[in-house]
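Me: Hi! Could you walk me through this structure? I'm new to this, so plain words please.

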Amino acid sequence: MTVTIDRHGGIAVLTIDNPPVNALKTAVRARLAELVGMLDADPGVTAVLLCGAGKLFIGGADITEFDRPPESPTLPDMIARIEGATKPWIAAIHGQALGGGLELALGCHYRVAAPGATMALPEVNLGIIPGAGGTQRLPRLIGLAAAIPVIAERDLLDTDRAASLGLLDHVIDGPLTDGAVAFARNLTGLPLPVAERPLPDPGPAFWEMASARIARGAKGQSAPLAALAAVRSGVEQGFAAGLRIERETFLRLRASEEAAALRYLFFAERAAPRPANLRSIEPHPVRTVGVVGGGTMGTGIAAALRNAGLTVVLSERDAAALERGMIAVRGIFEAAARRGLITTAEAETRMAGVTGCVGLEGLAECDLVIEAVFEDLAVKRTVFADLGRLCRADAILATNTSYIDPRQIAEGLPAPERFVGLHFFSPAQVMKLLEIIPHPATSPETLATAFDLARRLGKVPVRSGICEGFIGNRILKRYRARAEAMLRDGTPHSAIDAAMRGFGHAMGPFEMQDMAGLDIAFLNREAARQRGEAIPEGPIELLVRAGRKGIKTGGGWYDYAPGDRTPRVSDEATQILAPLMGSSAALSSPQIVDQLIGAMAEEGRAILAEGIAASPADIDLVQVHGYGFPRTRGGPMFQTDRKAKP
Ligand code: T1G
Ligand code: NAD
């Protein structure tokens, strides 16, 4: 079933029924195009109502069709036929009208909506621009100033704002269809066609300001500015030319690597919180969460939990440490309020949901406890031994360890089926990645609860098997090793960082080390040597021994002026590193990128072969949401898979 027809007297009520989001797939478009002619010719029909079945109006064009050539009737063609109908078509919007769904509503003669609906053109999230008239019709309905943020900057319109802007002709309180039928019955003819509505050019200053604003928010993506250009074309060259230019731009972008990458991630991100094998399993209810350790991670995790409305009990070793932890949590909410992300009152409310306790007894009634104490097996084991004794028999116990084998941490636990690894990334209240590491005994209910918690926190969960560094840090280690090998061969670290920044990373591997602190790697390598691992002295040792630990000491791989995080090439570091540098010709930027992405993908293939990750897309989600891999590139697996294709 795609489109059903009901008659309310002279009003034909069409309902698009294509679960789960009423995407405008070819069959839906074809049926609607057929119905335009039929209903126009039907003397018993005075108006046509267009509705969506289920929870929303229309979620957009069918993104799954984007890897194929457009099929007739295209969405623009179908919309043009509705716009040219002799009888009024009224879009009755509830839930969401997104992308092509909103564009279809714009092609109707009238639009009504239920309270609480949202209208948006999120195409730029997919690396494309609205391709069915949105860049031309929306400005003519609500003006350029209101339309451009929707078209190019991900702005949402709610029912009230849409009505006040003139996008909606009426807001229907009560049953939508009945209200819309009544609205239709009172119509007297057709409005002025959208194409004929004036759209004066606001002048170059307006376009310059809009362009500068959009470029700042584009995060390296090309679609937002392309969307603005399409709007401007319609203002300067007229509606028909604007439609043509919009369509050409849409088709060009749709075929781009950037759009393919963003579509790939769109689907991967939606699938991540609901692994197929857990969809039928009921998660445990989680309302109160204990966090053990009020340090860097524990405080970030506590804030993330509060941001999702969960109650938090923060445990520390002693009153002084607890005080420091509570101050740090408060600082996170106050910083969010300073940035205008939440109100001061909301910051207070969130803080009020965090209570502190010294020791673990205060966690006895928690539904879930997340351990974030020192990365020391003995300390963690002691904590879990106490938690196993103190917590409720149905409480889930989780570790935030980065490198320790969860099986070692859980040894001796009375109920390992309720134990799981939850590897948050720093800062935990910001980074979306959550690696979920099941213990061999972890029950499906515990795992389902972990994924459900991730969903509630707005995180991107990825299941990882047990290996050193799980998925993300294991690939990071390989990435850094390859970069260091390039350095030793004779490619300056500044060239390596510049190449990765040029590829779209926020920073290269050496800049990243300066930010995190070289002493962490130094101590890890020292500890590994203590364990008997043969780890040769390398650039990290030379730099740290020279007191160069990164930004925090004013210099590491680079020099940093006080209070300035801008890396500057350091003569001192260059001299320190000189004995290590080989004499090979420096690699070019494309070679650097190819080799580093290739090393990441090679480690990814090994991770897949070992069953540590379930899919290449999971590995890419880890890289994009945990390590700043540019979204417009999809991830190392996407990149190498695409290069491998003919
Ligand atoms: N096409 C195909 N499948 C879609 C889809 C779409 N537009 N939107 C969602 N899905 C799938 C999704 O992958 C998942 O699949 C299931 O539906 C439920 O989604 C010409 C060209 C609508 C707010 O960008 O924002 O129109 O995992 O889990 O949380 O200019 O989906 O179940 O197999 O997200 O209730 C523009 C994208 C398209 C909107 C519903 N539209 N979708 O959220 O469900 S481009 C969008 C969403 C366009 C025109 C251009 C959300 C939602 P599975 P879900 P949800
Ligand atoms: P941290 O040193 O900042 O904080 C650890 C906290 O645990 C300290 O405040 C300490 O007082 C407290 N603590 C120690 N023993 C305790 C006990 N018995 N009871 C209650 N509190 C106790 O460390 P961190 O950076 O927050 O790391 C914590 C864990 O998270 C480690 O396992 C680490 O590997 C992991 N992790 C760290 C990061 C990161 O980037 N820092 C990222 C992901 C995971």
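Me: Which backbone atom of G131 lies 2.9 Å from an oxygen atom of ligand 1, and what kind of atom is it?

Reply: It is a backbone N or O atom of G131. That fits a polar contact, meaning a pair of N or O atoms within 3.5 Å; within protein, one must be able to donate a hydrogen and the other to accept it, and residues adjacent in sequence count only if both atoms are side-chain atoms. Before we go on: this is a predicted model, where local features need pLDDT of at least 70 and side-chain atom pairs count only at pLDDT 80 or more, while totals for chains, interfaces and linings use all residues. Residues are numbered from 1 along each chain as its sequence is written, chains are lettered from A and ligands numbered from 1 in the order in which they are written, and side-chain values use heavy atoms, with hydrogens and water left out.

Me: How much of ligand 1 does the protein bury?

Reply: The protein buries 78% of the 1000 Å² that ligand 1 exposes when taken alone. Those areas come from the Shrake-Rupley method with a 1.4 Å probe; for residues, only the protein chains shown count as cover.

Me: And which residues come nearest to ligand 1?

Reply: K55, G100, E103, E123 and R270, out of 27 residues around ligand 1. Being near means that a heavy atom of the residue lies within 4 Å. A polar side-chain atom of E123 is 2.6 Å from an oxygen atom of ligand 1, and a polar backbone atom of G100 is 2.8 Å from one.

Me: Which element gives the largest share of that shell around ligand 1?

Reply: α11, with three residues. Helices (H or I, at least four residues) and strands (E, at least two) are DSSP runs, numbered from the N terminus.

Me: New topic: in what order do the strands of the open sheet β5-β7-β8 pair, and which stand at the edges?

Reply: The order is β5-β7-β8, with mixed pairing. Two strands pair if DSSP finds at least two bridges between them. β5 and β8 are at the edges with a single partner strand each, so one side of each has no neighbour in the sheet.

Me: OK, ligand 2 now. Which residues are closest?

Reply: M297, E316, E375, K380 and N400 are the closest of the 22 residues surrounding ligand 2. The side chain of K380 has an N or O atom 2.7 Å from an oxygen atom of ligand 2, and a polar side-chain atom of N400 is 2.9 Å from one.
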